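User: I'm new to this one and would like to learn how to read it. Could you walk me through it?

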There are 6 protein chains.
Amino acid sequence: MPYVNIKVTDEGVTNEQKRQLIEGTTQLLVNVLNKDPATTHVVIDVVPTDNWGVFGQQLTKIRKRQT
Amino acid sequence: MPYVNIKVTDEGVTNEQKRQLIEGTTQLLVNVLNKDPATTHVVIDVVPTDNWGVFGQQLTKIRKRQT
Amino acid sequence: MPYVNIKVTDEGVTNEQKRQLIEGTTQLLVNVLNKDPATTHVVIDVVPTDNWGVFGQQLTKIRKRQT
Amino acid sequence: MPYVNIKVTDEGVTNEQKRQLIEGTTQLLVNVLNKDPATTHVVIDVVPTDNWGVFGQQLTKIRKRQT
Amino acid sequence: MPYVNIKVTDEGVTNEQKRQLIEGTTQLLVNVLNKDPATTHVVIDVVPTDNWGVFGQQLTKIRKRQT
Amino acid sequence: MPYVNIKVTDEGVTNEQKRQLIEGTTQLLVNVLNKDPATTHVVIDVVPTDNWGVFGQQLTKIRKRQT
């Protein structure tokens with residue numbers, strides 16, 4: 001009965017990448033804990049970079065400096 | 001002081017249904033645990049079906065097969 | 001495919017009360033959104049009153065003043 | 001290694017306010033727990049008032065009555 | 001900057017299994033989204049079966065019936 | 001109506017530090033967003049270092065190497 005929540009920043013995550021995250025996470029829980037895929041739920045939250053902070057700064061600002 | 005987070009898929013949840021979820025959840029916590037409605041918070045997250053996985057697949061794909 | 005997380009304070013929640021919260025929440029999602037109980041997951045977190053704050057204070061302190 | 005999730009209602013939160021929340025939360029964790037800002041993550045979720053309930057009612061309705 | 005929260009039931013998860021979940025989840029985010037492992041955080045919550053409900057019932061009860 | 005969840009590792013967080021986190025977070029939301037402390041909830045989760053991963057490793061292992 002696992003539930004997995006994946007939070008990533010909104011920097012061009014494609015539908016195919018979401019598919020791979022869901023498939024890979026489910027497979028991992030099957031392999032490691034022998035969980036049933038039918039009861040393994042994965043929810044992906046895509047967070048705007050204005051709303052994600054690290055180093056005490058918005059990621060939007062950090063990304064600008066990196067480029 | 002309860003806090004309840006309800007995650008449902010984005011499949012046509014109406015405002016009236018949100019109202020009922022909030023009213024019903026609060027009433028349940030009052031009935032079962034004698035909580036004060038004034039401090040009972042309910043937050044509903046509506047998740048795109050592309051972002052919800054079960055059986056290792058995106059719900060969008062599962063829904064297509066079901067119809 | 002709903003997922004519900006209920007956070008309540010650790011103030012003597014019994015196993016029977018947990019049972020009622022799980023049953024009642026699931027029934028609510030069936031009634032309001034026509035969800036399948038087989039894919040409706042409810043997770044209850046019981047939080048120590050030292051770790052829950054409101055009014056800028058730990059609930060432990062607030063409870064002492066109330067008694 | 002702290003992770004902080006701040007949920008606020010969608011009532012005109014500006015980008016500057018988000019910046020202050022991220023900066024202030026990070027500084028608090030540095031001051032109180034001596035955490036490294038490089039590993040302190042803050043995620044802000046802005047929730048529509050239709051999706052936030054208290055007193056068993058949607059905040060949208062409560063706000064209307066207050067004005 | 002991903003953050004992943006894995007919730008599993010308290011049914012004998014070993015430390016080695018936790019290690020594999022953390023390693024596997026991080027590797028998945030590196031492979032699929034090219035994320036930096038240094039900023040990829042994984043938090044595992046182990047939930048008592050009394051506190052996890054599905055089918056409107058506590059998992060403890062469901063497990064008893066299955067054996 | 002803010003709700004804040006702070007997740008920190010279980011490395012000797014004292015009750016006084018929890019008090020300061022709750023007080024400081026609430027004050028921040030009052031200052032930045034003019035929120036009412038009466039409806040500002042803060043929940044602290046203390047996570048075992050075996051259950052927190054970064055760099056694809058359990059924090060327990062990383063801490064051992066650092067000392």
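**Sheet, symmetry and cavities**

Analyst: Let's start with one pair: Gly53(A) stands opposite Gln58(A), which sits in strand 4 of chain A. A bit of background: this is a predicted model, where local features need pLDDT of at least 70 and side-chain atom pairs pLDDT 80 or more, while totals for chains, interfaces and linings use all residues. Residues count from 1 along each chain as written, chains are lettered from A and ligands numbered from 1 in written order, and side-chain values use heavy atoms, without hydrogens or water.

User: How many bridges join strand 3 and strand 4 of chain A?

Analyst: Strands are DSSP runs (E, at least two residues) and helices are too (H or I, at least four), numbered from the N terminus; two strands pair if DSSP finds at least two bridges between them. Here strand 3 (residues 52–54) of chain A and strand 4 of chain A pair over 2 bridges, in the antiparallel sense.

User: What is the order of the strands in the open sheet?

Analyst: The 8 strands run 4(A)-3(A)-2(D)-1(D)-1(F)-2(F)-3(C)-4(C), with mixed pairing. Strand 4 (57–58) of chain A and strand 4 (57–58) of chain C are at the edges with a single partner strand each, so one side of each has no neighbour in the sheet.

User: How does chain E relate to chain A?

Analyst: Copies are superposed by least squares on C-alpha atoms of residues with pLDDT of at least 70 in both. A turn of 180° and a shift of 0.0 Å along the axis lay chain E on chain A with an RMSD of 0.0 Å. The two copies are thus related as by a two-fold rotation axis. In chain E, the C-alpha nearest that axis belongs to Asn5(E), 2.6 Å away.

User: How many cavities are there?

Analyst: On a 1 Å grid over the protein atoms alone, a cavity is a set of points where a 1.4 Å probe fits but cannot get out, and lining residues have an atom within 4 Å of a point. Points join across faces, edges and corners, and volume is the space filled by probe spheres set on them. The search finds 2 cavities of 30 Å³ or more. The largest holds about 320 Å³. Among its 19 lining residues, Asn5(A), Asn5(B), Asn5(C), Asn5(E) and Asn5(F) are the closest to its centre.

User: And what volume has the second largest cavity?

Analyst: About 30 Å³. Its lining includes Trp52(A), Pro2(D), Met1(E) and Trp52(F).

Note on methods:
On a 1 Å grid over the protein atoms alone, a cavity is a set of points where a 1.4 Å probe fits but cannot get out, and a pocket is an open set with protein on both sides within 12 Å along at least five of seven lines; lining residues have an atom within 4 Å of a point.
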